[in-house]
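Please open the model in your viewer and keep a selection tool at hand. The stops below go from one selection to the next, with a short account of what is found at each.

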Amino acid sequence: MLGSEWMSRLASNDPKDEVMESMTGTVGLPESRPQEKARPDSAGGTEPLLKLRGVSKHFGAVQALYMVDLDLPAGQVTALCGDNGAGKSVLTKCIAGIHPPETGEMHWEGRLVHIRTPRDAAHLGIETVYQDLALADNLDIVQNMFLGRERLSGGVFLNEDDMERAAATTLASLKVTTVRSIRQPVATLSGGQRQAVAVAKAVMWNSKLVILDEPTAALGVAQTKMVQDLVRRLKDHGLAVMIISHNLNDVFAVADRIAVLYLGRMVAQDSISAFDRQNVVDYMTTGESSRSASGRRA
Ligand SMILES: Nc1ncnc2c1ncn2[C@@H]1O[C@H](COP(=O)(O)OP(=O)(O)OP(=O)(O)O)[C@@H](O)[C@H]1O
Ligand SMILES: [Mg+2]
């Protein structure tokens with residue numbers, strides 16, 4: 001099935017939308033998405049899409065991650081917070097298959113997995129969007145979105161029409177309306193537009209987990225809002241999202257859950273209601289907090 005069909009349904013933003021049930025083919029959200037949200041685990045709760053337990057990683061004498069547990073549930077945005085050098089990027093790279101952890105386990109949809117390469121991560125449906133490295137500057141938007149996965153007609157020629165249509169529909173479905181032409185080189189886009197194209201690419205390729213490393217750093221107010229809207233759209237359609245941000249406005253604007261790393265250890269992880277700005281800052285800067293979310297001393 002051509003991606004445009006589900007993408008236009010994605011654009012409808014209707015909570016009763018049955019799009020996911022009828023999905024087949026390489027492009028689009030997988031059929032099983034609604035069930036993933038409510039898979040019971042042994043404790044009677046829901047099984048996160050990705051679950052890390054006891055993950056450790058060191059570089060020489062530097063213990064970058066120590067016994068880290070992390071849950072990334074489908075249909076929710078988890079903000080990963082932490083000061084410079086806390087281990088956020090290393091944790092992201094463990095999940096993305098760039099730095100496989102030395103110890104610990106990763107469970108995907110309840111199954112033990114070994115993510116050893118970026119290819120393994122992509123195969124599972126994990127896409128990582130880096131602020132600067134995600135796109136090839138000299139290529140246009142369509143070429144970027146299909147890079148390495150180009151569609152052919154007759155087995156030889158690039159099917160430009162098909163790729164253009166799918167790229168345009170995905171961008172429209174995500175309400176990305178400020179791009180003048182999908183044939184313009186990515187180098188000519190603003191930071192927010194680049195981010196939007198990178199996210200749209202992740203959505204187009206059946207991703208189930210999208211990780212955004214500092215997506216709004218260096219973005220203006222309007223562009224930041226656009227990226228926040230995109231993040232909400234991803235979660236509304238059942239994807240798990242992990243967002244790394246130093247910007248607590250971002251975190252409180254989009255996150256359902258917060259996880260805080262301090263010197264490589266996970267020191268707090270809970271739903272957003274357990275936090276306020278002050279205790280997040282406490283956890284980020286000291287590894288602990290004596291306050292409850294309401295500001296009272298615990
Ligand atoms: N390839 C590497 N080789 C050696 N040490 C590394 C490597 N990558 C990360 N580290 C170390 O691991 C620790 C965690 O780094 P990481 O990049 O994950 O921090 P971060 O939380 O992403 O910080 P920032 O907010 O500054 O991006 C740091 O002490 C860093 O120096
Ligand atoms: Mg980092």
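Begin with ligand 1 in this predicted model, and select the residues that surround it: Phe59, Val62, Ala64, Gly82, Asn84, Gly85, Ala86, Gly87, Lys88, Ser89 and Val90. Coloured by character, this shell divides into 5 nonpolar residues, 5 polar residues and 1 charged residue. Which elements each supply at least two residues of the shell? They are strand β2, residues 62-72, and helix α3, residues 88-95, and of the shell's residues the largest share, 3 residues, comes from α3.

Next, hide the ligand and turn to the sheet. Select its 6 strands, which form an open sheet in the order β6-β9-β10-β3-β11-β12, with mixed pairing. Strand β6, residues 126-130, and strand β12, residues 265-271, stand at the edges; each has a single partner strand, so one side of each is left without a neighbour in the sheet. If you look along the sheet, the twist from one strand to the next averages 15 degrees.

Within the sheet, select β9, residues 209-213, together with β10, residues 240-244, and display the backbone: these two strands pair in the parallel sense, over 5 bridges. A convenient place to centre the view is Leu212, which stands opposite Ile243 in β10.

Now add the helices that lie across these strands. Helix α7, residues 191-204, lies across β6 and β9, and its direction is at about 175 degrees to that of β6. Helix α8, residues 221-236, lies across β3 (residues 77-81), β9 and β10, and runs at about 150 degrees to β10. Strand β9 is therefore a useful one to keep in view, as both α7 and α8 lie across it.

For the last stop, leave α7 and α8 alone on the screen. Their axes come within 9 Å and cross at roughly 10 degrees; because this angle falls under 35 degrees, α7 counts as roughly parallel to α8. The crossing of the two helices is left-handed. To see where they meet, select Gly191, Gly192, Gln195, Ala196, Val199 and Val203 on α7, and Gln223, Met226, Val227, Leu230 and Leu234 on α8, which together make the contact. How do the residues of this contact divide by character? There are 7 nonpolar and 4 polar residues, and no charged ones.

Definitions and conventions:
Residues numbered from 1 in each chain as written. Chains lettered and ligands numbered in written order. Predicted model: local features only at pLDDT ≥ 70, side-chain atom pairs only at ≥ 80, totals over all residues. Pairing = 2+ DSSP bridges. Helix = DSSP H or I, 4+ residues; strand = E, 2+ residues; numbered from the N terminus. Axes fitted to C-alpha atoms, helices over the stretch in contact; angles between N-to-C directions. Contact = placed C-beta atoms within 7 Å. Near = placed C-beta within 6 Å. Nonpolar A, V, L, I, M, F, W, Y, C, P; charged D, E, K, R; others polar. Parallel < 35°, antiparallel > 145°, perpendicular 65-115°, else oblique. Left-handed = near helix turned anticlockwise from the far one by under 90°.
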